[in-house]
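User: I'd like to learn how to read a model like this one, feature by feature. Could you walk me through it?

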Amino acid sequence: MKAKLFIAEDQPNFRKGLLKLAGKRSAEWVVAGEAANGRAALSSMEQCVPDLLLTDIRMPHMDGLELAEEVKTRGWGTKIVIITGFKDFAYAQSALKFGVLDFITKPCVEADILNMLDRTYVRLIEENQSGRLMAEWKRQHEDSQLRSAIMGMSCNNGEVQALLGRMNECELYFLSIPTYISAEKHYSAQDMPLLQFALGNIVREHLHKWYGGGFRLFSLSSSEWALLANRTDSRPEMPSSWLQTLTDSIQHYLKLELACCGQGRCRTAEDLRQAYERYCSGPGREVVGKGSTAYEFLLNQTVLYEKEKEIVSWLMSGDNSRLNKELLDQVVRISSMPPQSAKIEALLLAAALLRLVQVQFPIWRMAARSIEWGSVYKCETSEEIAAWLQVYIHEFLRSHNSWLAGKIDNPVKQAIQFIEEKYMNECGLAEVAAHVHLNPSYFSNLFKKETGESVTGYIQNLRVQKAKILLKSTDMKIFEIAQAIGFNDSNYFTHMFNRIAGLSPKEYRKRTAEPQQGVTDGP
């Protein structure tokens, strides 16, 4: 994920410097625009709303506070960081009511800007992950409301009306599998949950190509699905016989017959209910699902997310032997299940492993793999299913062990060693995470879990401790000590030292000096 940054600064040279610094974080940030005053910034941001606005507080035409207020009024959700001089600080605090995330005081140094970009990026990643989960829960709730409306059960009519209103030309279709008896495949009722998962994936893949996001597909039972499609979102490449294309795909991959029944336009919950009544009373519908059981859709995203979190907890324990044991225990557990349950559990764990690798370890070769769900149907016993799963687990463990092999110790300890060697130079979350080859968001959480503090906080504390040694044992001037430990600005160093140590560098030197030493300090 690349986040969008907008820079509003009236001083050309300073703005140029900010742009250059943003370039050092090009893996995480892309500059969406720049402006020399608030009015021009607002106009540009209307064309491309950024994730972060970095703005000076004093600008012509519209200052930073007015700009922050306008951003909040528009409800964009843009993070805002204000650059201000010390004399502006009390004035700038009033910007908190406009949702300002942070302040950077002038004069500032490179580390201030880079650390702010790192912190903000991590926050955006965390919010994005949380937002995806919330969006999935919301979609499941909305599907439940639509399902209830279709089947004539209690629902929120207003919410259903609003959902249908988002589709200008909402058309309803019912998809069904008349029978799971196949001359080429020997499916049983126990296979239906897994078949439903497979069928949903195949149909959604086609619909995404033809409708983008302008459709909803959800199950009514193990044999039936409802499809709501917005005809205004259909794309030119969509074939005129698209229902036949779906039918052919299901026949090709699953060797099953798919029946499709269109019910026309639906604008209200009552339209949905009446359409379902017509469908149920239509010829041939009474044989659909005959002799089968309605299964809950087990492999949903919430369950998958929980399984992924469980694997992450084993990773973050820092105990590689535990990770191996937990995953292999899963194989043993699944091998003792009934075949139908074993298939669901095996597919769930394999999907969670692949998604975790693709998000957190994209450089691993395994990240390019996909679930070969079709091959699990060939497994007739739980032992065969467990063997199928072991292929994914062994590849995951082999990749993880190979990744660890090149490291002196665990990622956090290696990061601490890197920080202790590089603290006097450019050293922030992005540099440290890159050194241990981890996603910044994942590494930030891992580091805080193990050390109890953030990466930035650890670096600043280390620098202050190094400064204390120099203050006690040398007669270096304050600005020389600041430069020696990684601060380009002595005022910022004094500010950080005071915040962490509770007194200024000069006061610390005086308190720790030997009585006979008459140290004369520089500016």
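**Reading the model, feature by feature**

Analyst: Gladly! Let's start with Asp-56, which sits in strand S3 (residues 52-56). Keep in mind throughout that this is a predicted model.

User: What does the UniProt record place at Asp-56?

Analyst: The record, an unreviewed entry, gives "modified residue: 4-aspartylphosphate" at Asp-56.

User: Is Asp-56 buried or exposed?

Analyst: The way to read this is through relative accessible area, where under 20% counts as buried. Asp-56 has a value of 5%, so it is buried.

User: And which residues is Asp-56 in contact with, leaving aside its neighbours within four places in sequence?

Analyst: Its contacts are Ala-8, Glu-9, Asp-10, Gly-64, Ile-83 and Lys-106.

User: Let's move to strands. How many residues of strand S1 are buried?

Analyst: Strand S1 covers residues 3-8, and 5 of its 6 residues are buried, so the strand is mostly covered. As a general idea, side chains in a regular strand alternate between the two faces of the sheet. For pairing, look at the bridges: S1 is joined to strand S2 (residues 29-35) by 6 of them, and the two strands run parallel. Within that pair, Leu-5 stands opposite Val-31 of S2.

User: How do I check a helix? What span should helix H17 have?

Analyst: Use the rise of 1.5 Å a residue. H17 (residues 440-451) has 12 residues and should span 16 Å; its end C-alpha atoms are 16 Å apart, which agrees. Among the buried residues of H17 are Tyr-442, Phe-443, Leu-446 and Phe-447. Following H17 comes Gly-452, with a positive phi near 85°.

User: What about helix H20, and where do its buried residues fall?

Analyst: H20 (residues 490-501) also reaches 16 Å from its first C-alpha to its last, close to the 16 Å expected for its 12 residues. Its buried residues are Tyr-492, Phe-493, Met-496 and Phe-497. Looking down the axis of H20, you find them within an arc of 135°, so they line one face of the helix. Just after H20, Gly-502 takes a positive phi of about 85°.

User: Which residues other than glycine have a positive phi?

Analyst: Two to look at are His-61, with phi near 70°, and Lys-255, with phi near 60°. His-61 is in the loop between S3 and helix H3 (64-73), while Lys-255 is in the loop between helix H8 (242-254) and strand S9 (259-265). Over 50% relative accessible area counts as exposed. His-61, at 57%, is therefore exposed, whereas Lys-255, at 26%, is partly exposed.

User: Last topic: the nonpolar core. Which residues touch the most other members of the largest one?

Analyst: That core has 71 residues, and the ones touching the most other members are Leu-389, Phe-396, Ile-419, Phe-443 and Phe-493. Helix H12 (residues 339-360) gives the largest share of this core, 10 residues. You have met Phe-443 among the buried residues of H17, and Phe-493 among those of H20.

User: What does Ile-419 touch, not counting residues up to four places away in sequence?

Analyst: Ile-419 touches Cys-427, Val-432, Phe-447, Val-455, Tyr-458, Ile-459 and Leu-462. Phe-447 in that list is another buried residue of H17. A second, separate core has 24 residues, including Tyr-180, Leu-207, Leu-217 and Ala-229.

Note on methods:
Residues numbered from 1 in each chain as written. Predicted model: local features only at pLDDT ≥ 70, side-chain atom pairs only at ≥ 80, totals over all residues. Heavy atoms only, no water. Helix = DSSP H or I, 4+ residues; strand = E, 2+ residues; numbered from the N terminus. Expected span 1.5 Å × (residues − 1). Buried < 20%, exposed > 50% of the residue type's maximum accessible area, 1.4 Å probe, protein only. Arc of directions from axis to C-beta. Core = buried A, V, L, I, M, F, W, Y, C linked by side-chain atoms within 4.5 Å. Contact = heavy atoms within 4.5 Å. UniProt positions renumbered as here; feature names shortened; annotations may be inferred. Pairing = 2+ DSSP bridges.
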